[in-house]
Amino acid sequence: MAGRVLIGTQGWNYAGWVGPFYPDGTRSAGMLSLYAQAFDTVEVDSTFYAIPPASTVRGWAARTPEGFIFSLKLPQEITHDRHLRRSAAETELFISRARLLGPKLGPILVQMGPEFTPSDFDALEAFVPTLPADLRFAVELRRQEWIRRDVLPDLLGLLRDHGIALALSDGRWIPRDTVLELAMEPTA
């Protein structure tokens, strides 16, 4: 199956890019439009820190061309503070704001903190089925214990059953050969 490869960065609003990337004198308000002339996707890190106002999300969509894709991070209140528990209202609000991007909404990253361990699998197992099936999600787990042969099959099965991707951060502690081997095993 052929896919579309998108190239982008994490964010676009960096003062240090004025001069080397953005023309001298570029103001913050003009950066996204200029960014979207060079790249066709961006990971929005700011959504990790707070659910953006509807006007902000609409502005992102308005300042980018057709076909541009935003990947948003689920807020840390949901992932790091609440560990996916008792977060239905916050998740629903975030999803409603994300949907304002329309066809420009790409995958939503559920990036868990390093304190989220396999002992929290029940929280992930309860949370994943609540996510809307019409949107794309990726889960990133930052502990080596998630990539063990006694844990990974259940994790991959849960994500596969709900059409969710496993995102791997770039670290020596991630045994990619184990992930690939187990991911390629046929499902029952």
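Strand 1 (residues 8-10) and strand 2 (residues 41-44) pair in the parallel sense over 3 bridges. Gly 8 stands opposite Thr 41 in strand 2. From strand 1 the chain passes through helix 1 to strand 2, and this β-α-β crossover is right-handed. Right-handed here means that, with the strands pointing away from the viewer, the path from the first strand over the helix to the second runs clockwise. Strands pair if DSSP finds at least two bridges between them. Helices (H or I, at least four residues) and strands (E, at least two) are DSSP runs, numbered from the N terminus.

This is a predicted model, in which local features need pLDDT of at least 70 and side-chain atom pairs count only at pLDDT 80 or more, while totals for chains, interfaces and linings use all residues. Residues are numbered from 1 along each chain as its sequence is written, and side-chain values use heavy atoms, with hydrogens and water left out.

## The sheet

The next pair is strand 2 with strand 3 (residues 69-73), again in the parallel sense, over 4 bridges. Glu 43 stands opposite Ser 71 in strand 3. The chain goes from strand 2 through helix 2 (residues 54-62) to strand 3, and this β-α-β crossover is right-handed.

How many strands does the open sheet have, and in what order? There are 6, in the order 1-2-3-4-5-6, with parallel pairing. Strand 1 and strand 6 (165-167) stand at the edges. Each has a single partner strand, so one side of each lacks a neighbour in the sheet. From one strand to the next, the twist averages 20°.

Strand 5 (residues 137-140) runs parallel to strand 6, and 3 bridges join them. Ala 138 has Ala 165 in strand 6 as its bridge partner. Helix 4 (residues 88-98) packs on the sheet and touches strand 3, strand 4 (105-111) and strand 5. The direction of helix 4 makes about 155° with that of strand 4. Helix 6 (residues 152-161) also packs on the sheet, touching strand 5 and strand 6. The direction of helix 6 makes about 130° with that of strand 6. For these angles, axes are lines fitted to C-alpha atoms, for helices over the stretch in contact, and angles run from 0 to 180 degrees between N-to-C directions. Contact means heavy atoms within 4.5 Å.

## The whole chain

The protein has 7 helices and 6 strands. From the N terminus on, they run β-α-β-α-β-α-α-β-α-β-α-β-α. Of the 188 residues, 44% are buried. Buried means under 20% relative accessible area, exposed over 50%, and partly exposed in between (1.4 Å probe, protein chains only). Among contacts between residues at least 6 apart in sequence, 75% join residues at least 24 apart. The accessible surface comes to about 10,300 Å², and 53% of that belongs to carbon and sulfur atoms. Such areas come from the Shrake-Rupley method with a 1.4 Å probe; for residues, only the protein chains shown count as cover.

## Three residues

| Residue | Place | Relative accessibility | Class |
|---|---|---|---|
| Ser 33 | helix 1 (residues 28-38) | 28% | partly exposed |
| Trp 17 | loop between strand 1 and helix 1 | 25% | partly exposed |
| Glu 90 | helix 4 | 17% | buried |

Which backbone oxygen does the side chain of Ser 33 reach? The oxygen belongs to Arg 63, at 3.3 Å. Ser 33 and Trp 60 are 27 residues apart along the chain, yet their C-alpha atoms are separated by 8.8 Å.

Trp 17 and Met 31 are 14 residues apart along the chain, with 9.4 Å between their C-alpha atoms. Leaving aside neighbours within four places in sequence, Trp 17 is in contact with Thr 9, Gly 11, Trp 12, Tyr 22 and Tyr 35.

Glu 90 makes a side-chain polar contact with the side chain of Arg 82 (3.2 Å). A polar contact is a pair of N or O atoms within 3.5 Å; within protein, one must be able to donate a hydrogen and the other to accept it, and residues adjacent in sequence count only if both atoms are side-chain atoms. Beyond its neighbours within four places in sequence, Glu 90 is in contact with Ile 51, Glu 77, Ile 78 and Arg 82.

## Helix 2

Which residues of helix 2 are buried? They are Ala 54, Val 57, Gly 59, Trp 60 and Ala 61. Their cover includes helix 1, strand 2, strand 3 and helix 4.
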